[in-house]
Amino acid sequence: MNLLEVQSISKTYGSGETAVHALKHVSFSVPKGEFVAVIGESGSGKSTLLNILGGLDTPTSGEVYIDGKGTFSMKEKNLTVFRRRNIGFIFQAFNLIPELTVEQNMIFPILLDYQKPNKKYLEELLTVLGLKERRNHLPSQLSGGQQQRVAIGRALITHPSLILADEPTGNLDTQNTSEVITLLKEASRQYEQTIIMITHNRRIAQSADRILQISDGVLTDMGRCRE
């Protein structure tokens with residue numbers, strides 16, 4: 001069964017001669033538990049695609065289905081709740097809250113939803129991410145790699161249907177990049193997590209199960225990666 005269905009998504013900014021066609025009839029599907037990399041040069045449309053998948057931007061035409069639910073047929077309030085409960089975001093800039101500890105940053109999405117965190121699952125994530133000894137540290141007391149691990153934990157804590165990672169290793173050195181990609185692969189396998197990762201780095205993209213390439217708003221499925 002496909003967790004994600006993207007049907008003929010187009011996005012145009014402006015109109016007339018100045019119109020910019022960021023995405024042109026993009027269609028693809030992703031089964032549950034697959035780790036997909038989307039590669040493309042700067043300005044190719046890959047960030048626009050990720051924002052639309054996450055419900056942060058609206059397509060000019062087309063529809064996105066997550067777990068069978070059309071996100072753009074929802075009212076804004078319902079979409080906000082659906083996004084919070086079903087989509088986890090990992091950003092290049094980490095986007096942690098400076099005043100909150102590691103543990104507080106990780107459980108923040110759950111508190112936003114007025115829920116109580118599953119303490120057993122939280123402990124499991126802290127252990128898997130190597131953050132147990134850092135749980136009471138502030139982001140300023142962590143390395144870049146550790147901050148990105150916190151961001152991964154925050155994305156996983158709600159058991160989302162889909163994780164969207166926007167250049168998650170862009171601010172990291174080679175060693176931390178390798179560790180973060182390994183963690184994403186483990187999340188995909190251990191938790192059957194569906195992950196869409198944007199990257200301009202073809203070597204990093206080879207770590208995914210499948211590669212999609214986007215150029216001038218047109219998407220091409222490059223097929224599965226070799227183990």
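Student: Which residues line the largest cavity?
Tutor: Happy to start there, keeping in mind that this is a predicted model. The structure holds 1 cavity of 30 Å³ or more. The elements giving two or more residues to the lining of the largest cavity are α5 (144-156) and α6 (174-190). In full, the lining consists of Val128, Leu129, Ile152, Leu156, Leu183, Glu186, Ala187, Gln190 and Tyr191.

Student: What volume does the largest cavity have?
Tutor: By class, its lining has 7 nonpolar, 1 polar and 1 charged residues. The space that the largest cavity encloses has a volume of about 50 Å³.

Student: Which element gives the largest share of the lining of the largest cavity?
Tutor: Among the lining residues are Leu183, Glu186, Ala187 and Gln190, and α6 runs over 174-190. The largest share, 4 residues, therefore comes from one helix, and residues three or four places apart in an α-helix point the same way. The element you are after is α6.

Student: Is leucine 125 buried or exposed?
Tutor: Leucine 125 has its place in helix α4. Not counting residues up to four places away in sequence, leucine 125 touches Met106, Gly153, Leu156, Ile157 and Tyr191. Because its relative accessible area is 0%, which is under the 20% cut-off, leucine 125 counts as buried.

Student: What distance separates the C-alpha atoms of leucine 125 and valine 150?
Tutor: These two residues are 25 residues apart along the chain. In space, their C-alpha atoms are separated by 9.5 Å.

Student: In the largest nonpolar core, which residues touch the most other members?
Tutor: This core has 39 residues. The elements that give two or more residues to it are β3 (35-39), α3 (102-112), α4 (119-128), α5, β7 (162-166), α6, β8 (194-199) and α7 (202-205). Apart from it lies another core, of 26 residues, among them Leu23, Val36, Val64 and Leu212. Back in the 39-residue core, the members you ask about are Ile90, Met106, Leu125, Ile152, Leu184 and Met197.

Student: Which residues is methionine 197 in contact with, leaving aside neighbours within four places in sequence?
Tutor: Methionine 197 is one of the residues that touch the most other members of the largest nonpolar core. Its contacts are Phe35, Val36, Ala37, Val38, Ala165, Pro168, Ile181, Leu184 and Ile204.

Student: How many residues of helix α1 are buried?
Tutor: Helix α1 covers residues 46-53 and is mostly covered. Its buried residues are Lys46, Thr48, Leu49, Leu50, Ile52 and Leu53. Just after α1, glycine 55 takes a positive phi of about 70 degrees. Of the 8 residues in α1, the buried count is 6.

Student: What is the order of the strands in the open sheet of 4 strands?
Tutor: The edge strands, each pairing on one side only, are β2 (20-31) and β5 (69-70). Further in, β1 (residues 2-13) and β4 (residues 61-66) pair in the antiparallel sense over 5 bridges. The order is β2-β1-β4-β5.

Student: Which residue in β4 is the bridge partner of glutamate 5?
Tutor: The pairing to look at is that of β1 with β4, which is antiparallel. There, the bridge partner of glutamate 5 is tyrosine 65.

Student: Which residue takes a positive phi in the hairpin of β9 and β10?
Tutor: Strands β9 (residues 210-215) and β10 (residues 218-224) pair in the antiparallel sense over 6 bridges. Leucine 212 stands opposite aspartate 221 in β10. The hairpin has 2 residues between the strands, and the positive phi, near 50 degrees, belongs to aspartate 216.

Methods: Residues numbered from 1 in each chain as written. Predicted model: local features only at pLDDT ≥ 70, side-chain atom pairs only at ≥ 80, totals over all residues. Heavy atoms only, no water. 1 Å grid on protein atoms, 1.4 Å probe; cavity = no way out; pocket = protein on both sides within 12 Å on 5 of 7 lines; lining within 4 Å. Points joined across faces, edges and corners; volume = space filled by probe spheres on them. Nonpolar A, V, L, I, M, F, W, Y, C, P; charged D, E, K, R; others polar. Pairing = 2+ DSSP bridges. Buried < 20%, exposed > 50% of the residue type's maximum accessible area, 1.4 Å probe, protein only. Core = buried A, V, L, I, M, F, W, Y, C linked by side-chain atoms within 4.5 Å. Contact = heavy atoms within 4.5 Å.
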